[in-house]
Amino acid sequence: MVSGHLNAENLLESVTQELRVQMMHRDLTDPIMIGIRTGGVWLAERLHTALNLNSPLGVLDISFYRDDFSQSGLNPKVQPTQLPCPTEGRDLILVDDVIMSGRTIRAAMNELFDYGRPASILLVTLIDLQHRHLPIQPDVVGERLTLGEDQQIKLSGPFPLALEIRNRS
Amino acid sequence: MNIVIEGGRIIDPAQKIDTVANLYIHQGTILAIGHEPPEGYFADDTLDARNKIVCPGLIDLFTHLREPGATQKGSIASETAAAAAGGITTLLTSPATSPIVDTPAVAELIQDRAADAGFVRVLPIGALTRGLQGEQLAPLHALTRSGCVAFTNARLPMVDSLALLRCLEYAATFDLLVIFQAQDAGLSRKGCMHDGASSARMGLEGIPEAAETIEVSRCLLLIEQTGVRAHFGQLSCERSIQLIDAARKRGLQVTADVAIHHLLLCDEDVNGFDSSLHVQPPLRSPLDRAGLRQGLVTDTLSAICSDHQPLDVIAKQAPFSETEPGISGLETLLPLSLKLVEQKLIELPQLIEKLTLGPAKILGLDSGTLQSGVQADVCIFDPEATWTVNDQSLLSMGKNTPYYGHSLKGRVDCTLLGGRIVFKR
Amino acid sequence: MLPKEYYDAIQLTPEGQLKHFLTIEGLSPLLLTEILDTADSFVDMNAQQVKKVPLLRGKTVANLFFEASTRTLSTFELAAKRLSADVLNLNISTSSTSKGETLKDTLMTLQAMHCDMFVVRHSASGAAHFIAQHVTPDVAVINAGDGRHAHPTQAMLDMLTIRQHKGDFKNLKVAIVGDILHSRVARSEIHALRILGANEIRVIAPATLLPKHIESLGVKVFTEMSRGLRDVDVVIMLRLQRERMQTALLPSESEFYSLYGLTENKLAYAKPDAIVMHPGPINRGVEIESRVADGPRSVILNQVTNGIAVRMAVMSMAMSGQQLNTQSSSFTESSARTESL
């Protein structure tokens, strides 16, 4: 059990390092980085700059692909997904702030496949809260946490990035 | 057979009686009202009417029993049983059956079937024109001999004013009563509700008030010219009341009635496309309703009728304009009328008059009263008892009423026809 | 008089979400804005490379058109397909149906096929209400036009178009011109504009094409274009059916055009930046001059584009509301939601 604040900037730094290693390992020379709205986009922007990637950054809004649409309704302020270049046959780096059940990533991958068949997808998340519902694992993780039943984690940003663990009121 | 109705509040407008007493019936006729039996009177049966109201059986000036013809909607047996349960002992039937009441055979058939059922006195209204086509005169004299008490062309148009004039002249020759259900065909052709703010909002085709008032005006002028005995049925507009008032002030002997739903409901109630409120003439504006209520108080409207139109379930199961108009009303006539007393519009004896003596006078009948010597058509009801309008409580085959599911106050306990108990709860 | 409660009860869930979309009347400004916002999201999506989302995957949408309309049917069909629903198009001619039996029978038959949504067009006012009252509780009903009563999706796409061009509704003067009497579009637009707070709503038509007491809906009535169009921000022209000329409503198309047809000259009475709208299909030279219809102030094609987005919005909102309504109330927040914080 943890509480209070985590140093997001430090976590981001370690994620950047590890991603750099992974990219070398996998021989990813010109991947397309894609952030999942909203937290994932902040992280992706930072990573994109730090890694000095060539291809422009993509932004994914998965609201239309969520599997809990029929339970929680539609968010009326869905912003468009923006993929600035074709993803067919390309290596993708998918970035999100937190992974828990894995459903967001499932939705994101479904949406990505609607745009074409990528060569590969590498998943980066800042925090892994575990409790997976689906067989989806990140390739690069900043920190693994176990939260209490009544706890929530929130990323705020984009400048500065801050992670706060709060008790649900 | 002697029946005594004991301890009820007896209201008989004809004799201006409103008193708690016993009503003594002897061999089908009224013998006396009092606290002690007349000398030598021996009761075979006693009806306890304590805390109940005893009044003449109701007379309903316009009903559709559907037979012959549309027996999926109602039959003479089913609807007259419903009438008895509603305290009605005499009712008039529409000539718009299939076949139409334009031959003595059909008029006689209706009365025979009604006599077989034995619940209510059924008086047919004959068609004014053959086939209600508005052109050729129906055999009014023969129909009268076969029991028709009045003639109407229902809401169907006459081909022209000349045809109407001729019909009225002929009816006047034999002093026959003509009932007008005034509605201009052109102005009402496609309409399904009152032409007003509600119809504008709902996008339903309206029937303007002029559809009624134009026809009332034309009929009044021709009544004046021919001197025919005339009655206007189921008026819906305030302006019609004014026209009839003015004619009466000129000395014209015309009478008029109103359907109970027009005194209680208005076009604003139609909100939400409730097809149970689809009725002809349409429910008018609140102002019209106020005018009709005033007309009732001032006696321009001397009777309240049910305008009973039973329908099968499917007839109301469609978008509003595609449903059939009509309200099933025999069994709700009395409890709905009692609302007028509760709303302090009129006193109870005055209301009873509108349901009994008033219609009897229009028809020239000697019934509608509890005077000694007349046939013992009696209604006993509990003004405080409440009941719910539903499939179980309604005897009529038509369950089509906007009051379906409502709890109503005032329930008939017993109905006597010619001294015979035809309904008892 | 209780229309508000009535319409709430029939088309909203206890939580205030749409479960049917039958009429604009009685809906809150908040809900209308939510529809517009959601539609905006779909407008963006429709401009994307991939014009398909899986929101209604596995659902069956039946388009029940008792009155022919290729345009409305195709936008509903496209909207449903872009939401990944299976679509069934049924053109049912009313001429062959007798009274209400067939409508109810058709309904029962389709329910047996387990459709999840009915999109209904019918020539009788109140038909969509009737259907909503008679379907099983888990089927959503969308009104695609009933008689003269309502055409709520058309009105909402018009509102979306107005909002895109004018921003807020607060200061807008809007004129609706033409056959108000027979127009379900006009009725729905009047409700929508009033709820969204438009400054002034005007109708311009000869008395024969105006319903009695139309002022009770909160509009100002004008019979002359020169006065009615003065200083308006939006001009909505209505379609004039040719059949009207066969009755005593109007003498001729040319007389109508000379009095009420929207020409450059008449449009000059409106504000310089006024936009011109028309629900289509256009009768050029009857309601509107070609130069105006194709001119810079015409937003008629935007309306068509917005039509798909609005229908997608309404369909997904109603389906979601319908499912929320029929699910057990013990639903707890899913972890997927926590994750997306």
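## Predicted complex: chain C annotation and a chain A sheet

Residues 170-317 of chain C are 34% helix and 14% strand, and the C-alpha atoms at the two ends of this stretch lie 26 Å apart. An unreviewed UniProt entry lists these residues of chain C as "domain: Aspartate/ornithine carbamoyltransferase Asp/Orn-binding".

The model is predicted. The predictor assigns the complex an ipTM of 0.87 and a pTM of 0.87. For chain C the average pLDDT is 88, and 90% of the residues score at least 70. Over residues 328-341 of chain C, pLDDT stays under 50. The model has 26 contacts beyond four places in sequence for residues 328-341 of chain C. Predicted coordinates should not be read in detail where pLDDT is low.

The unreviewed UniProt entry also carries the annotation "binding site", which covers C:Lys99, C:Arg184 and C:Arg239. Of these, C:Arg184 is described here. C:Arg184 is found in helix H7 of chain C, which spans residues 184-195. C:Arg184 counts as buried because 23 other C-beta atoms lie within 10 Å, and the cut-off for a buried residue is 20 or more. Leaving aside residues up to four places away in sequence, C:Arg184 touches B:Gly203 in chain B. Within chain C, and with the same residues left aside, C:Arg184 touches C:Gly145, C:Asp146, C:Gly147, C:Arg148, C:His149, C:Ala150 and C:His151.

Chain A holds an open sheet of five strands, paired in parallel in the order S3-S2-S4-S5-S6. Strands S3 (58-60) and S6 (140-144) of chain A are the edge strands, each pairing on one side only. On average, and with direction ignored, neighbouring strands of this sheet are turned by 25 degrees against each other.

At the S6 edge, strand S5 of chain A (residues 120-128) runs parallel to S6(A) and is joined to S6(A) by four bridges. A:Ile127 has A:Glu143 in S6(A) as its bridge partner.

Two helices of chain A lie across strands of the sheet, as listed below.

| Helix (chain A) | Residues | Strands crossed (chain A) | Angle |
|---|---|---|---|
| H1 | 8-26 | S5 and S6 | about 145 degrees to S6(A) |
| H2 | 39-51 | S2 (32-36), S3, S4 (91-99) and S5 | about 150 degrees to S2(A) |

Strand S5 of chain A thus appears in both rows: helix H1 lies across S5 and S6, and helix H2 lies across S2, S3, S4 and S5.

Methods:
Residues numbered from 1 in each chain as written. Chains lettered and ligands numbered in written order. Predicted model: local features only at pLDDT ≥ 70, side-chain atom pairs only at ≥ 80, totals over all residues. Pairing = 2+ DSSP bridges. Axes fitted to C-alpha atoms, helices over the stretch in contact; angles between N-to-C directions. Contact = placed C-beta atoms within 7 Å. UniProt positions renumbered as here; feature names shortened; annotations may be inferred. pLDDT = per-residue confidence, 0-100. Buried ≥ 20, exposed ≤ 12 C-beta atoms within 10 Å, placed from the backbone.
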